There are 2 protein chains.
Amino acid sequence: MITPKLTTLENQAIAHGLNVSDGHPRMPLTPSQRAIVADLSDMFEEAAKRPFQEIEQDAHRAFLHGIGQYAAPVGEGRLVSCYSSSIAIDIIARTLAERTAAVALVHPTFDNIPDLLRARNLRLFPISEREFEQGQPELPAEAGAVFVTTPNNPTGWVLGRESLERLAAWCATHGRVLVMDTCFRAQDARAQYDTYQIIRDSGAEWVVIEDTGKLWPMHELKAGFLAWGERTRLAIPDAFDDLLLTASPVVLLLITRLARDAADGGYAELARLIGENRRTLGEITRLSGLVLEEPDSRISVAMLGLPDCAGTATDLYHQLLEDNVHVLPCDAFYWARATDGERRIRVALGRAPAEIRAAADALAGVTARICAARRR
Amino acid sequence: MITPKLTTLENQAIAHGLNVSDGHPRMPLTPSQRAIVADLSDMFEEAAKRPFQEIEQDAHRAFLHGIGQYAAPVGEGRLVSCYSSSIAIDIIARTLAERTAAVALVHPTFDNIPDLLRARNLRLFPISEREFEQGQPELPAEAGAVFVTTPNNPTGWVLGRESLERLAAWCATHGRVLVMDTCFRAQDARAQYDTYQIIRDSGAEWVVIEDTGKLWPMHELKAGFLAWGERTRLAIPDAFDDLLLTASPVVLLLITRLARDAADGGYAELARLIGENRRTLGEITRLSGLVLEEPDSRISVAMLGLPDCAGTATDLYHQLLEDNVHVLPCDAFYWARATDGERRIRVALGRAPAEIRAAADALAGVTARICAARRR
């Protein structure tokens with residue numbers, strides 16, 4: 001059976017029922033976010049009056065400094081705003097394919113990353129999170145680049161400072177491009193050490209993809225930021241220019257406001273919500289034998305392991321669909337070895353607590369039902 | 001010399017001076033557009049309350065029916081909303097490359113189209129506008145698809161109904177994919193015959209790219225729509241899912257409002273502005289020997305031919321830069337034969353009349369200066 005794309009399943013969840021499928025933030029606005037959104041028309045007027053470059057740099061600075069990235073190349077001509085982080089990833093996929101035939105990629109990770117790389121005819125080598133942690137991973141000679149998602153989706157795993165230093169030094173020595181997808185980092189302070197300082201100092205060719213789209217329930221008014229190093233010899237400006245002229249200055253003004261609000265307590269509030277939702281999910285579902293994997297993860301998705309009696313994640317997924325509850329089976333995250341994910345599901349946590357409780361109840365109920373039927 | 005990408009030059013224009021470079025609409029809002037923008041926060045609230053699919057279909061219907069496209073596949077599952085038309089073009093480039101090694105493409109056209117196709121390793125064959133008009137063009141056997149931009153940029157040329165019928169029938173008979181980029185059609189009623197009816201009836205595999213981004217000065221709050229036929233065997237849903245989950249429902253609500261306003265007089269007002277700006281540009285610049293090419297074009301850019309004494313478009317471009325006036329030299333539009341564009345410049349018309357007058361004065365002045373210097 002062909003594993004359907006994660007986004008295809010997520011899209012079905014948007015149409016119907018209880019959606020804890022996609023990782024996009026869908027919780028209610030906080031009071032201060034509500035006040036910001038009320039100013040959207042003013043931001044539109046402001047966008048008409050101020051130079052785009054100034055608006056864009058404000059957004060870069062507010063967002064990146066707010067998550068500890070002081071050495072990001074703001075205003076240095078090597079930082080662009082894309083419609084989304086996926087567009088940024090695709091730009092990188094194109095430029096990598098002009099340079100190498102293969103990429104070493106973290107395993108597991110969200111499937112659109114391997115799919116976008118493969119669509120550019122890049123061959124992929126899986127590197128486990130543990131390999132990144134335990135000394136320098138063995139990277140195949142063919143792989144001209146290393147692509148690591150940190151914090152990773154769906155595990156929440158974070159590449160530590162020493163591991164990054166080691167990896168970046170190795171990339172510098174061996175002439176490989178280091179690509180970091182840090183789209184979830186604003187949710188986890190452990191990923192907010194200044195990675196730009198480390199990779200700049202390393203001498204490596206590097207690229208970083210940042211994202212504002214996982215944080216605030218803004219109905220896809222968001223941006224992906226794409227930064228690269230002085231030494232990075234990839235034709236990123238050309239690939240960018242083929243796809244867009246500029247992001248929307250209205251969206252960038254919105255991001256500036258949201259980033260300031262987030263640094264001023266919003267990130268803490270988000271972390272509390274995600275933490276509470278993760279605990280609720282774990283507590284309710286473990287009554288039916290589901291296991292919250294990576295309980296120390298801070299990102300806005302959780303992974304649950306299935307009890308033996310519950311069959312595969314795909315079975316459970318389809319059973320839940322009958323109750324109009326949408327989760328994600330994890331097969332496709334394990335892009336090189338789908339069996340590693342076939343007894344795991346992912347639940348999105350960027351939701352109102354009541355939605356998480358309802359989803360957890362449904363999950364526990366359906367799992368118990370499946371297990372009871374199998375025992376009979 | 002390598003011709004710089006048109007978007008690269010446009011980007012420089014955004015930073016400084018008088019920008020008649022990019023074709024994005026940068027005129028003042030009309031009173032009714034101003035009233036719509038004032039409701040942005042309400043649209044945000046509405047996006048939270050209504051199902052996405054309903055919001056999206058409203059936008060598709062309002063926009064496409066407003067420009068005569070009643071047979072577009074609204075609500076049929078073969079019409080998606082992308083962040084922009086360029087993203088839609090790139091999705092098509094990817095899926096075409098999975099099917100064929102070469103594409104027949106209209107010549108000239110905006111350079112990001114050939115560049116996005118080439119970035120997918122597709123070989124390109126140029127087909128002139130005249131060839132599309134005079135009977136069935138001779139299309140090379142290797143080309144698995146025909147890509148035509150209508151109205152075309154920068155010429156404003158429109159593929160007529162009979163020519164489309166002939167082309168679609170030929171594609172159906174010969175198993176080629178017909179790709180239509182109709183991003184400028186809302187500006188030209190001559191391109192608003194129901195093309196979907198024709199291509200559906202033809203039996204061909206077809207794809208159409210529509211765009212809301214050339215019409216209203218919305219600071220890049222826009223969408224590209226991508227539609228395809230029942231018989232079209234391209235993996236468009238997969239390529240779409242790799243890039244995005246959904247467009248922003250806030251933007252789609254904005255498009256619905258703008259499209260209704262446009263059908264209710266807004267398109268006529270836009271046509272008046274563009275027509276007036278084209279006349280102003282032609283009248284002022286002809287005093288220095290510049291010639292308004294394609295005076296019957298209705299789209300929001302104009303092409304000017306240079307007098308012999310003025311040298312090349314690139315020379316004129318650089319001279320104008322010194323006065324902080326940004327136009328586009330046309331070399332890159334003529335992607336297969338840049339020399340055809342080297343004595344032409346493109347001027348954007350989606351601007352306030354005073355800006356066009358200032359740009360025209362500068363153009364006339366600089367051209368006269370160059371010619372006088374050469375005569376000495």
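Contact means heavy atoms within 4.5 Å. The exercises below use this term first.

The model is predicted, so local features need pLDDT of at least 70 and side-chain atom pairs count only at pLDDT 80 or more, while totals for chains, interfaces and linings use all residues. Residues are numbered from 1 along each chain as its sequence is written, chains are lettered from A and ligands numbered from 1 in the order in which they are written, and side-chain values use heavy atoms, with hydrogens and water left out.

**Exercise 1. The interface**

Task: Find how many residues each chain gives to the contact, and how much area is buried.

Step 1. Count the residues. Chain A gives 51 residues to the contact, and chain B gives 51 residues.

Step 2. Take the area. Buried area is the accessible area (1.4 Å probe) that two parts lose on being put together, summed over both. Chain A and chain B bury about 4,200 Å² between them. Of this, 62% is on carbon and sulfur atoms.

Step 3. Find the main contributors. Phe44(A), His219(A) and Leu245(A) supply 19% of the area that chain A buries against chain B, more than any other three residues.

Step 4. Look at polar links. A polar contact is a pair of N or O atoms within 3.5 Å; within protein, one must be able to donate a hydrogen and the other to accept it, and residues adjacent in sequence count only if both atoms are side-chain atoms. Between chain A and chain B, 17 residue pairs are in polar contact (both at pLDDT 80 or more).

Step 5. Sort the elements. Helices (H or I, at least four residues) and strands (E, at least two) are DSSP runs, numbered from the N terminus. Elements giving two or more residues to the side of chain A that touches chain B include helix H1 (6-15), helix H4 (52-66) and helix H11 (249-285) of chain A. H1(A) gives the largest share, six residues.

Step 6. Sort the residue types. Ala, Val, Leu, Ile, Met, Phe, Trp, Tyr, Cys and Pro count as nonpolar, Asp, Glu, Lys and Arg as charged, and the others, Gly among them, as polar. The side of chain A that touches chain B has 24 nonpolar, 13 polar and 14 charged residues.

**Exercise 2. Two residues and a helix**

Task: Decide whether Ser41(A) is buried or exposed, then find what it touches.

Step 1. Set the cut-offs. Buried means under 20% relative accessible area, exposed over 50%, partly exposed in between (1.4 Å probe, protein chains only).

Step 2. Apply them. Ser41(A) has 12% relative accessibility, so it counts as buried. Ser41(A) sits in helix H3 (residues 40-49) of chain A.

Step 3. List the partners. Not counting residues up to four places away in sequence, Ser41(A) touches Val37(B), Ala38(B), Asp39(B) and Leu40(B). Its side chain reaches the backbone oxygen of Val37(B) at 2.8 Å.

Step 4. Repeat for Asn112(A), in helix H6 of chain A. At 7% relative accessibility, Asn112(A) is buried. Leaving aside neighbours within four places in sequence, Asn112(A) is in contact with Ser86(A) and Asp242(B).

Step 5. Turn to H10(A). Six of its eight residues are buried, so H10(A) is largely enclosed by the rest of the structure. Among them are Ile236(A), Phe240(A) and Asp242(A).

**Exercise 3. Salt bridges**

Task: Find how many salt bridges cross the interface of chain A and chain B.

Step 1. State the rule. A salt bridge is a side-chain nitrogen of Lys or Arg within 4 Å of a carboxyl oxygen of Asp or Glu.

Step 2. Count. The whole structure has 64 salt bridges over all chains. Four cross the interface of chain A and chain B.

Step 3. Take an example. Lys5(B) and Asp242(A) meet at 2.9 Å, N to O.

Step 4. Look for a network. Salt bridges link Lys5(A), Asp115(A), Arg118(A), Arg94(B), Glu98(B) and Asp242(B).

Step 5. Look within chain B. Glu205(B) pairs with Arg99(B), the closest N and O atoms being 2.6 Å apart. These two are 106 residues apart, with Glu205(B) in strand E7 (residues 205-211) and Arg99(B) in the loop between helix H5 (85-97) and strand E3 (102-107) of chain B. Glu205(B) is buried at 6% relative accessibility, whereas Arg99(B) is partly exposed at 29%.

**Exercise 4. Symmetry**

Task: Which relation links chain A and chain B?

Step 1. Superpose. Copies are superposed by least squares on the C-alpha atoms of residues with pLDDT of at least 70 in both. A rotation of 180° with 0.0 Å of shift along its axis places chain A on chain B (RMSD 0.0 Å).

Step 2. Name the relation. This is a two-fold axis.

Step 3. Locate the axis. Leu40(A) comes closest to it of the residues of chain A, at 3.1 Å (C-alpha).

Step 4. Compare the surfaces. The same surface serves both copies, as 100% of the contact residues of chain A recur in chain B.
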